[in-house]
Each structure stands twice: as C-alpha cells, then as structure tokens.
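Reader: Could you take me through one helix in this model up close? I'd like to hear what it packs against and how it begins.

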Amino acid sequence: MADEVPATLRHAADQAIDPATLLDALAALAAQPSPYGRERATAHRVADWAAARWPALSWRVDPLPRTAATPDSANLVGGSSRGEHPELLIYSHLDTSLTDAADFDAPITGRRTPAPALDLPGPDGEVVSGSGLGVARAAAAAALVGYAAAAEACRAAGRPHRLTLLLAATGTHRHDPDAGPDDGVAPAPTTGGVLHHLRDRPPPAAAIVAKTSPPGILTAEPGAMFLRVRLSSGFHPALFRDTATPPGGLLAHLGVVVEALEDFRRAHLARRTDPDALVGPELGLGAVRAGQPGKPDLLPGAVDLHLYLTTVPGDDPAEITDALRATLARRLRDTPLAGCGLAVAGHPVHPSAATAPDAAICRHADAAWRTAHGRPPTPLRGWTGSTDGVVLRGRGVPTVRLGPPALPPDPADPRRERYAMAELVRFARLYADIALRHQQASTG
C-alpha cells in the first residue's frame, strides 16, 4: 500500500517514545496553572523544555491579542518540514477547564482545598494522576512526544515531510455570561487559539485532534451553543416577601423553571433520536446567577440560568432559541411567574461538522489504530462532545479525533484524574504512526 510506512522508520519513531520522556512532558505542561486566557507562561515553559530536548525542531510561542478575557494568552507551535509536502497538524490545547483557583473552581467542584498536584511515578510506574489531565494535559503530552518522534525520524531519514504541532490557547468552551442579543449588543467575537493559528495562512491538508476520547476514532463532532434564560421582576426586601412579585420572590419558584427546562430537553432530544447518527444532541443547565451573597435581605430582581447545548446537522440555533422561549412562556403562563419578564438569548459557537469516512486521514488513523491495538476501532455513534475539531472541519480540513482513555478518578478527590502510562505511550506512538503514514502516502 502507498501509505505503508517502512519498518525502519516506524521503529525509529517507536524507540524515541518512552515513559520517561512522557513524564517530562507532563511535568512541563503541569508546572503551573494554565487557565483559559492565561496560558502564556505554560507555553514558554513547554517551549523551553522541548527546544532543549529536540533542538533540531522549531518551537515558537505565538501570543494571542490581549483582551479582558484573554490577558495573557498564547499558542505553542512546533514545526518540522523538508521539501514540499502537504501539512499535517497535530492539535491539542494548553488551557484546562478548571483553573486551580478556588474562586473559580469551588462552585464547580464543591471543594476549596488546593487542587491536587501532579503525581508522577518513576519511569516504571503504571499510573500518572493529578488535576487537568483529562481535559488536555495527558493527551497533549502524548501528542507532543508523538509529533517530535515522527518529525525526528523523518529528518534523520531525509524524508520529505511537513508536520506541525499546535498546543492552542483558549481551547475549552467559554462564554461571556453578560453577552447576549437581549442586552442590545452582540456578543464579543471569540478568536480562540485555533482560529488565531489558521488566520492568514493556508489550512493544513489534514489534522489530528488529541484529546481524551471514547475507544475509537471520531470523524464527526456536534456543534455547540450557549443559551441564557433571564427572569426579571422588581426587587423586594426579604422582610416583605409575601408582597413580592412573584410571592416569595423569583428564587422561590426556581423549581418550576428547572422542570420546564427538563421537559424541553426531553422533547428536544427525542426529536433528534437517531441510533445510526455519528453525533447526538445534549442540553445541560450549568449555572444559575441571582442576587448578591452579601445582601441576602434583598430578593433578586433578576435570575439568569445558563445552559450549554450541542447541535446536530440541520439544527438552526435561532429556531432552538425561539422554541425554548415559546416552551417557557407556555409553561410559566399559569404559574406565579406569569407576570415576570422572560428573555431567552442564544449564542452559537460553531455548527456540527464531519470528515468524509473515505478521507486519507481516516484511513491512516484506522490503520494506525489496528497496529497499536491489534483490533479495529469501535464504531462510535451518538457522540455529544464538541471540540475545536469542528473549527478545523468547518475550514475544509479533514480531521480525526482520538486520545488516551482515562482511568476512574480518585474516589477520595475526583479532581485527581488518572491515566495509565502504557496508554499514554501507546497513543504517542499512534499519533506518530498516523503522521508517518501521512507523509508516506504523499511521497511513496
């Protein structure tokens, strides 16, 4: 086959990937917090470590424009090329969903103790654990080491290639909760590390998204949108709660709204049920904001409920927003909330997107998976996770997503995520194998 990699080339890449190198990569990635919009320190630390480890490869920190949401943000870009060759992008990200800061994390985790530090075993250890591994760090370390091994093997053999590693800033979904059409202003545009990287340059020929995934290869992912439901009324002293509108105040009737949202979810998902679809919808209520904690003697005059929704092919975000508004108006009509203001704002992030199953990158990933696991990948259906893979596909880049599976988290502290070192090594070699197949298919 044209994309079958010479055994000597694959052996060279495999030999360059070992637990000790992966542990060093994890240590560099987890040396300090890397929250959304503040990834630059981590980018520099990892770039310095990688440049010392692989000096023949290019390592560059690419800052993003400074904004209120991204005051110190940057991508890390690795590059290696020889001759004219279609580019393969290997992507993961630098930021983590949790920040290791109690003021942001505690409302999500329920814990105010410091985040668990990275626990690195010796080179012969079996498990690595710590915070932030599941979102990106474990897969990012495997992607970095796999990329470097493939690039070094190609360079040593004098093989034409063009490989790029992108550890991107602002890779997790985040939204300004105060933005929305009902405020009279459009939401501020989100650049994101991937869009920043793609700006003013030709798109790569193919891409790999390295992120913890189910046991298979994702060739399609749903889109994503944010929804905000706002209920409003006049504010009232808690002392006179019975004369408030609604009686008892907005929060006393929050359960009615949550029940209506759950009913909307069930109907929304039922209309999109397709056991054969590659992607599926989901809707979750993730945050509620109301009142001032330091002034609870005043009942709040507004309650905001924030939801996250994954979209499937054919979804129209405006229609979904209108349907949710109509459902809530109908459900609240005969309740004490009937006289309150109701506003629903939808903010689409990106639509769903898919890669053709016969694309070369899909063939390369399938063959590499069979080599690494000794069996074909499990067919995946109804996947409800959305990443920057849809951004790449939306720009015409054939993209696959795959990554090391997580072990069950530490029951004593679920923030401590756990990964088998053998799986990190396996996926680093898998990423390298896909990269070698990509260059082989184009050069023979």
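Author: Sure, let's start with the inward-facing side of H2. The buried residues of this helix, meaning those under 20% relative accessible area with a 1.4 Å probe and protein chains only, are Thr21, Leu22, Leu23, Ala25, Leu26, Ala28 and Leu29. A quick word on the ground rules: this is a predicted model, where local features need pLDDT of at least 70 and side-chain atom pairs need 80 or more, while totals for chains, interfaces and linings use all residues. Residues are numbered from 1 along each chain as its sequence is written, and side-chain values use heavy atoms, with hydrogens and water left out.

What covers those buried residues? The cover includes H3, strand E4 (127-130), helix H5 (133-157), strand E5 (161-168) and helix H11 (421-443); helices here are DSSP runs (H or I) of at least four residues and strands (E) of at least two, numbered from the N terminus.

Now for H3 itself. H2 (residues 19-29) packs on H3 (residues 40-53) at about 150 degrees, the axes being 8 Å apart; axes are lines fitted to C-alpha atoms over the stretch in contact, and angles run from 0 to 180 degrees between N-to-C directions. So H2 is roughly antiparallel to H3, a label for angles over 145 degrees. On the H2 side, Thr21, Asp24, Ala25, Ala28 and Leu29 make the contact, and from H3 come Thr42, Arg45, Val46, Trp49 and Arg53, with contact meaning heavy atoms within 4.5 Å.

As for how H2 begins, Asp18 caps the N-terminal end: one of its side-chain oxygens sits 3.1 Å from the backbone nitrogen of Ala20.

Definitions and conventions
Angles under 35 degrees count as roughly parallel, over 145 as roughly antiparallel, 65 to 115 as roughly perpendicular and the rest as oblique. Buried means under 20% relative accessible area, exposed over 50%, partly exposed in between (1.4 Å probe, protein chains only). A polar contact is a pair of N or O atoms within 3.5 Å; within protein, one must be able to donate a hydrogen and the other to accept it, and residues adjacent in sequence count only if both atoms are side-chain atoms.
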